[in-house]
Amino acid sequence: MRPEDKLVIALPKGRILEEAMPLVRAAGIEPEPAFDDPKSRLLRFATNHPHIDIIRVRSFDVATFVAFGAAHLGIAGNDVLMEFDYPEIYAPLDLGIGKCRLSVAEPDDVAAGDDPRRWSHVRIATKYPEVTRRHFAARGVQAECVKLNGAMELAPSLGLCSRIVDLVSSGATLVANGLKEVEVIAEVTSRLIVNRAALKTRSDEMTGWIENFRKACQA
Ligand code: PRP
């Protein structure tokens, strides 16, 4: 098989990967040993299926690789899907992993006398400027977003922005940084995503893998 004919599955680095791998394996896909070797610098891995490779990229980049057809399948949170809103991506299956929420938070002392429903303009540090702007615009609030790629929780104490929009899971990061969750924008889970064009051109193969993941979720 030519390398360009391979089916490519994009998986997110980090926390979600630990929850995703049991499902990937239950779906019948086993990556080569280098995948689990922290010293390996490989980014693309062979699997037990000669025609399937796995790539491991940042969670936001999973959506981009799949949207452009560079990967055919992937695992991405609806936070990422909402931010990009790529029409080329179809998300047929909620995998029920990576559960968290996308929330607005602010310093405890600010939250004490604050009502988000009264805001007319806010400055927000976030990795999700599009979702944040859309969320606030829907109720007539202008959100001025400062894009950060991580450690949003630092922004209020350093005077960058008094509010943040970020993922909250246990809430421990907010507490540790003196912040309070004041509004939930969306509940988040990870989804199996596919490239729509690939779903048409490689229909049998793609629907077969969607089914395998569906069964793996139910098991
Ligand atoms: C996420 C998120 C928060 C934290 C929330 O970051 O951005 O900082 O987890 O989790 P908690 O509510 O359980 O404390 P992550 O550790 O995934 O790293 P990142 O900043 O690189 O996204």
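## Exercises: the ligand and an aromatic pair

The ligand sits in the largest pocket. Keep in mind that this is a predicted model.

**Exercise 1.** Work out which elements give two or more residues to the shell around the ligand.

*Solution.* Start with the residues around the ligand: R15, K127, E153, D166, L167, V168, S169, S170, G171, A172 and T173. Now place them on the elements: β9 (163-168) and α6 (172-176) each give two or more. Strand β9 has the largest share, with three residues. Finally, sort the shell by class: you get three nonpolar, four polar and four charged residues.

**Exercise 2.** Find out how far the polar side-chain atoms of K127, D166 and T173 are from ligand oxygens, then say what percentage of the ligand's area the protein buries.

*Solution.* Take the side chains one by one. For K127, an N or O atom is 3.3 Å from an oxygen of the ligand. For D166, a polar side-chain atom lies 2.9 Å from a ligand oxygen. For T173, the distance between a side-chain N or O atom and a ligand oxygen is 2.4 Å. Last step, the area: on its own the ligand exposes 500 Å², and the protein buries 68% of that.

**Exercise 3.** The structure holds six aromatic pairs. Pick F35 and F45 and classify how their rings meet.

*Solution.* You need two values, the distance of the centres and the angle of the planes. The ring centres of F35 and F45 are 5.0 Å apart and the planes stand at 85°, so this pair is edge-to-face. Now locate the partners: F35 is in the loop between α1 (15-26) and β2 (44-46), while F45 is in strand β2. With their positions 10 residues apart in the numbering, the pair links distant parts of the chain.

Notes: Residues numbered from 1 in each chain as written. Predicted model: local features only at pLDDT ≥ 70, side-chain atom pairs only at ≥ 80, totals over all residues. Heavy atoms only, no water. Near = heavy atom within 4 Å. Polar contact = N/O pair within 3.5 Å; in protein donor to acceptor, adjacent residues only side chain to side chain. Areas by Shrake-Rupley, 256 points an atom, 1.4 Å probe, with all protein chains shown as cover. 1 Å grid on protein atoms, 1.4 Å probe; cavity = no way out; pocket = protein on both sides within 12 Å on 5 of 7 lines; lining within 4 Å. Sits in = over half its atoms within 2 Å of the grid points. Helix = DSSP H or I, 4+ residues; strand = E, 2+ residues; numbered from the N terminus. Nonpolar A, V, L, I, M, F, W, Y, C, P; charged D, E, K, R; others polar. Phe/Tyr/Trp six-rings, centres within 6.5 Å; stacked < 30°, edge-to-face > 60°.
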